[in-house]
Amino acid sequence: MKLKLGKPDVITDPLEDFISALTVAGASENTIRLYKIAIKDFIDFIKKDPRQVTTTDINRWLADIMQRNTRTKNMNDDFEKKRVKTVTARVYILAVGRFLKWLGINIELTIPNTRRREIRALTEEEVKKVRQAVKKDRDKLLIQLLLDTGLRSKELLSLRKSDINIQKRYITVRNTKNGKERIVFFTEETKRLLEKYIKNLGDNDKLFDITYDALYRKLKRLGKKLGIDLRPHILRHTFATQAIRKGMPLPAVQKILGHEDIQTTQVYINLVTKDLKEIYDKTF
C-alpha cells in the first residue's frame, strides 16, 4: 500500500511533523522506526535545517554511511560487509528522499546500486542432515517451524502460544515486516513437536526465549559442523523453493511468505529452474 502523506502547510519540527504524517497515513511501526532512524541520522550529520539541504550535503552523508563499520565489524565476508553498507545507504537515502519530497524540496538523489548475494536454499539431503543432527526439542522445533512456514526469524521469535492453533495446524503471524497479519501452516510432525514443547512452557506465553543473534549463531555452528551454509533466511529460502517444486501456486507462496509484490517471490522460480537444468544435464 502506497502511503498518501499530503503536503504540509505549516512545519514546526520537520522530523516530528513528518513522523506524525506517517502515523496518520497508517504506516507500520517498523516503517516509522526506519524513517525516524534514517532521517535523524541525516539531520545529525548535516547539522542544519533540512529545508536548506544541498546535493553536496546528501552525497557527503552517503559517503559517511558507506565508510562506517559499526554494523559490519564482526563480519568475515567482505562481499557481505559491502552489501550491508550499500543496502543501508540505499534504504536510508530512499527514506530521506521521501522526507525531502514531503518538505517540497526537489533534489535529484543518487541511489546506491546493491548487488544481491545469490539466493541459496538447502537440498533435500542437506535438510535431512540438519534434522538428524539436532537433538534438543527446542532446536528441533525452531528449525522445523522455519522449514514448514517460511517465517522470517524475527516473526518466529515473536510468536506466542496464543498465536498457534495446534488442532487446525496454523499460526497467526502478527509481528510482520509490513505490519499486516497473515496465516501460515505447519505439518503433523511439527504439530507433535509443538504439543510436547508447549506442555513444558508452563504459564509463559512467549514461545521462544531466544534472541535473533543467539539463533543465528546456533545455526551457523550447526552448519559449520555439517559443512553447510546455514542461516535463518536460508531456511526461509528452502521453504519457498520446496513449496514451488512440489507444485504450490506462486500466489500462495507469496501469501505465506508475506511478500507484498509477487516479483519478490518470483526469484525462487529461478532456483527451481536451475535445479531442473542440472537434473536434465545429468540425465542426458
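**A walk through the fold**

Of the contacts in the protein chain with a separation of 6 or more, 59% are between residues 24 or more positions apart. Keep in mind as you look around that this is a predicted model. The protein chain has 284 residues, and buried ones make up 42% of them. Its secondary structure comes to 12 helices and three strands. As for the outside, the accessible surface is about 17200 Å², and carbon and sulfur atoms account for 50% of that.

Let's start with the nonpolar interior. In soluble globular proteins, nonpolar side chains tend to be buried together. Here the largest nonpolar core holds 49 residues, and Leu207 and Phe208 are the ones that touch the most other members. Pick out phenylalanine 208 and look at what surrounds it: leaving out residues up to four places away in sequence, it touches Arg138, Leu141, Leu142, Leu145, Leu156, Leu157 and Tyr197. There is also a second, separate core of 29 residues, with Leu15, Ile32, Tyr35 and Ile39 among its members.

Now for the aromatics. The chain has seven aromatic pairs. One of them joins phenylalanine 18 and phenylalanine 99: the ring centres are 5.3 Å apart and the planes sit at 70°, which is over the 60 degrees needed, so this pair counts as edge-to-face. The two partners come from distant parts of the chain, 81 residues apart, with phenylalanine 18 in helix α1 (residues 14-25) and phenylalanine 99 in helix α4 (residues 78-103). Phenylalanine 18 has a relative accessible area of 0%, so it is buried. Phenylalanine 99 is buried as well, at 0% relative accessibility. Zoom out a little and you'll find Phe18, Tyr35, Phe99 and Trp102 together in one aromatic cluster. Tyr35 has turned up already, as a member of the second core.

Another ring to look at is that of tyrosine 212. The charged end of lysine 154 sits over this ring, 6.0 Å from its centre.

Next, the strands. Three of them form an open sheet in the order β1-β2-β3, with antiparallel pairing. β1 and β3 (182-185) are the edge strands, each pairing on one side only. What holds the sheet together, bridge by bridge? β1 and β2 pair over two bridges, while β2 (residues 170-173) and β3 pair over four. To trace this on screen, begin at asparagine 165, whose bridge partner in β2 is tyrosine 170. Then go along to isoleucine 171, which has valine 184 as its bridge partner in β3. Threonine 172 has its bridge partner in β3 too, namely isoleucine 183. In a regular strand the side chains alternate between the two faces of the sheet.

The hairpin of β1 and β2 has four residues between the strands, and arginine 169 is where the backbone takes a positive phi, near 55°. Most residues other than glycine have a negative phi. Arginine 169 is in the loop between β1 and β2, and at 29% relative accessibility it counts as partly exposed. Lysine 47 also has a positive phi near 55°. You'll find lysine 47 in the loop between α2 (29-46) and α3 (55-67). Is lysine 47 buried or exposed? Its relative accessibility is 70%, so lysine 47 counts as exposed.

Just before the sheet comes aspartate 163, in the loop between α7 (153-157) and β1 (164-165). Its relative accessible area is 8%, and because buried means under 20%, aspartate 163 is buried. Which residues does aspartate 163 touch, not counting those up to four places away in sequence? They are Ser158, Tyr170, Ile171, Thr172 and Arg174. Three of these names should be familiar from the bridges: Tyr170 is the partner of asparagine 165, Ile171 bridges to valine 184, and Thr172 bridges to isoleucine 183.

A last stop is histidine 237, in helix α10 (residues 232-245). At 11% relative accessibility, histidine 237 counts as buried. Setting aside its neighbours within four places in sequence, histidine 237 is in contact with Ile119, Arg120, Ala121 and Tyr268.

Key:
Residues numbered from 1 in each chain as written. Predicted model: local features only at pLDDT ≥ 70, side-chain atom pairs only at ≥ 80, totals over all residues. Heavy atoms only, no water. Buried < 20%, exposed > 50% of the residue type's maximum accessible area, 1.4 Å probe, protein only. Contact = heavy atoms within 4.5 Å. Pairing = 2+ DSSP bridges. Phe/Tyr/Trp six-rings, centres within 6.5 Å; stacked < 30°, edge-to-face > 60°. Lys NZ or Arg CZ within 6 Å of the ring centre and 35° of its normal. Core = buried A, V, L, I, M, F, W, Y, C linked by side-chain atoms within 4.5 Å. Areas by Shrake-Rupley, 256 points an atom, 1.4 Å probe, with all protein chains shown as cover.
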